[in-house]
Amino acid sequence: MVKKPLVIYSGEIAQLQAGDSINVPITGTVDVVLTNDEASPVDIGAPVYMDAADGFKKAKADASGTAIVIGLVAKDPSIASATSGEVATSGILTATTAQWDAVAGTTGGLTFNTRYYLDPSTAGKITDTAPTTTGQYVVEIGVAVS
């Protein structure tokens, strides 16, 4: 059974009609609060995986257990060891040029419309080159929008 969603149109509730679309702004992120289980702080933008219930560590594309990215560290410039903080699980994450440079190893921030992948060499980093070595995992992190 196919059901049509209800929408607000001109201040009234109506069914979405054939050919109509829903316009939703894509800003911000959907976050979860997790605890940093690393021995050191984890910076904003760093990809992380869940290592325990409600805990995370820096992700790395060289093993199946560390390549399952739950999201990117969000909101705070970094999350200290054994401290809880927000991890963006979807949406658009905004960080400064310097913050992206630290996570991506770039100069000048991320490059518009470039795909970024989980780095197989350094935990908690991203790269614009997909891994090609046997035993490494290709994990797309996202596409830079600006």
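**Exercise 1.** In the hairpin of β5 and β6, find which residue takes a positive phi, and then work out how β5 is paired with other strands.

*Solution.* Begin with the turn of this predicted model: the hairpin of β5 and β6 has 2 residues between the strands, and aspartate 54 takes a positive phi near 65°. Next, follow the two strands away from the turn, where β5 (residues 47–52) and β6 (residues 55–58) pair in the antiparallel sense over 4 bridges. Within this pairing, methionine 50 has phenylalanine 56 of β6 as its bridge partner. Finally, look for another neighbour of β5, and you will find that 2 bridges join β5 to strand β7 (residues 71–73), again running antiparallel, with proline 47 bridged to leucine 72.

**Exercise 2.** Determine the strand order in the open sheet of 3 strands, and state which strands lie at its edges.

*Solution.* Reading across the sheet gives the order β11-β10-β12, with antiparallel pairing. The edge strands are therefore β11 (126–127) and β12 (140–143), because each pairs on one side only. As a check on one pairing, β10 (residues 115–118) is joined to β11 by 2 bridges, and leucine 118 has isoleucine 126 as its bridge partner.

**Exercise 3.** Place isoleucine 126 within the nonpolar packing of the model.

*Solution.* The largest nonpolar core has 13 residues, and Ile126 is listed among those with the most contacts inside it, together with Leu93, Trp100, Leu110 and Tyr116. Helix α1 (residues 97–104) gives this core its largest share, 3 residues. Leaving aside residues up to four places away in sequence, isoleucine 126 touches several residues, including Pro47, Trp100, Val103 and Ile141. A second, separate core of 8 residues includes Leu34, Phe56, Ile79 and Val87.

Conventions: Residues are numbered from 1 along each chain as its sequence is written. This is a predicted model: local features need pLDDT of at least 70, side-chain atom pairs count only at pLDDT 80 or more; totals for chains, interfaces and linings use all residues. Side-chain values use heavy atoms; hydrogens and water are left out. A nonpolar core is a set of buried Ala, Val, Leu, Ile, Met, Phe, Trp, Tyr and Cys residues joined through side-chain atoms within 4.5 Å. Buried means under 20% relative accessible area, exposed over 50%, partly exposed in between (1.4 Å probe, protein chains only). Contact means heavy atoms within 4.5 Å.
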